[in-house]
Amino acid sequence: MPKPLVAALFALAIAGAGAAPAVATPGTATAPTAATAARTVPTTEVTATAPAAAPASPALQAVTLAGTVALSNCSGSVVRFPDSLDTDPALVLTNGHCLETGFPEPGEVIVGQASTRTFGLLNSAGTRVATLRASKVAYSTMTDTDATVYQLTTTYAAIRSSYGISALTVQDTHPTAGTAITVASGYWKRLYSCAIDGFVYRIREGDWTWKDSVRYTSACQTIGGTSGSPVVDQATGAVVAVNNTGNEDGATCTVNNPCEVDENGTVTVRQGINYAQQTYQLPACFTTGNQLDLSAADCTLPKP
């Protein structure tokens, strides 16, 4: 998860590939750290077929970088919820540990914190086409999940009108194992494609614990700076999770080396495997006008 940012460019220059964490330490440095260069798997468009007697499976989409954003130390995306209106203030989703004021403490939930943070908006080719600005941190925590939602000073309609870019929609249902996904990093302008390998009862990393986390198959070798990237379902184009960590060195439950904990307390370490936090809980907590309402009946996010 969090780590110093000083060695990324050197790491990307060395030969070979290996496991690296999917995260970066908040700060103002210009590049995140990666232990080694990671393998980027480009997304290709594939149509799944089925026997004539059965309905065809959904076509896999060519996920692009359109709608992703680059932060000073992380990745993110402009997102909307199924009930969001074009006239609503736009939102940016990234990790809790990407918050510019530092990592939220275990049990801490930040709501309505003033922010003027900027985000570089990318088009499908990964070209920066605009600078967006936050008006506030709508929600941020590293408890149970690892997410920050910023509210912007502009609307979805204004972004689409000015730059031809639409927000990514956050799915409001739990994803399924085996789903083909793409992790889209606005920081590195890279796409990582793999599948959801399964769901982890608890992920423990340092002082933080996350629930029902997404575990990737080994093809998604995300690196420092991909923290906060949207995890996109290739069949629907919807965001199903936010990329946040991976076990770098094989250590157990330490910073940069998360471990898996099952319902019985059994600990498993998977060196080189990376993880994300589900986002289907978010839509129920944002109501009319994209305003946060943690008291909403179906809202299960941690509260202050």
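These are my notebook entries on one strand, some ring contacts and some charged pairs in this structure.

**Entry 1: getting started**

I am working from a predicted model. I began with strand β5, which covers residues 118-122. Is β5 mostly covered or mostly open? I found it mostly covered, with four of its five residues buried.

**Entry 2: the neighbours of β5**

Next I looked up which strands pair with β5. One of them is β1, residues 68-70, which pairs with β5 in the antiparallel sense over two bridges. To find this pairing in the model, I went to V69, whose bridge partner in β5 is L121.

Then I turned to β6, residues 128-141. How many bridges join β5 to β6? I noted five, and these two strands run antiparallel. A handy place to see this is T118, whose bridge partner in β6 is R133.

I also followed the chain through the hairpin of β5 and β6, where five residues lie between the strands. In that hairpin I marked G126, which takes a positive phi near 90°.

**Entry 3: rings**

I looked for aromatic pairs and noted four in the structure. One of them is F81 with F286, a tilted pair with 5.1 Å from centre to centre and 35° between the planes. Where do these two sit along the chain? F81 is in the loop between β2 (75-80) and β3 (89-94), while F286 is in strand β17 (residues 286-287). That puts them 205 residues apart, so I wrote the pair down as a link between distant parts of the chain. Both F81 and F286 are buried.

Back at β5, I found another pair, F119 with Y150. Why is this pair edge-to-face? The planes of F119 and Y150 stand at 65°, and over 60 counts as edge-to-face. Their ring centres are 5.1 Å apart. F119 belongs to β5 and Y150 to strand β7 (residues 147-155), so the pair ties together parts 31 residues apart in sequence. I checked their surroundings too: both F119 and Y150 are buried.

**Entry 4: charges over rings**

I made a short stop at two arginines. R80 lies over the face of Y156, at 4.8 Å from the ring centre. The charged end of R202 sits over the ring of Y201, 4.0 Å from its centre.

**Entry 5: salt bridges**

A reminder to myself: side chains of opposite charge can pair when their charged atoms come close. I noted a count of seven salt bridges.

One of them joins R117 and E100, whose closest N and O atoms are 3.8 Å apart. R117 is in the loop between β4 (109-114) and β5, and E100 is in the loop between β3 and β4, so the pair ties together parts 17 residues apart in sequence. R117 counts as buried at 10% relative accessibility, whereas E100 counts as partly exposed at 33%.

**Entry 6: around E260**

Which residues are linked with E260 in a network of salt bridges? I listed D197, R215 and R270.

R215 comes within 3.0 Å of E260, counting the closest N and O atoms. This pair links strand β11 (residues 208-216), home of R215, with strand β14 (residues 259-261), home of E260, across 45 residues. R215 counts as buried at 12% relative accessibility, and E260 is buried as well, at 7% relative accessible area.

For R270 and E260, the closest N and O atoms are 2.8 Å apart. R270 lies in the loop between β15 (267-268) and β16 (274-278), 10 residues from E260 in the chain. With a relative accessible area of 33%, R270 is partly exposed.

Notes:
Residues are numbered from 1 along each chain as its sequence is written. This is a predicted model: local features need pLDDT of at least 70, side-chain atom pairs count only at pLDDT 80 or more; totals for chains, interfaces and linings use all residues. Side-chain values use heavy atoms; hydrogens and water are left out. Buried means under 20% relative accessible area, exposed over 50%, partly exposed in between (1.4 Å probe, protein chains only). Two strands pair if DSSP finds at least two bridges between them. Rings of Phe, Tyr and Trp (its six-membered ring) pair if their centres lie within 6.5 Å; planes under 30 degrees apart count as stacked, over 60 as edge-to-face and the rest as tilted. A charge sits over a ring if NZ of Lys or CZ of Arg is within 6 Å of the ring centre and within 35 degrees of the ring normal. A salt bridge is a side-chain nitrogen of Lys or Arg within 4 Å of a carboxyl oxygen of Asp or Glu.
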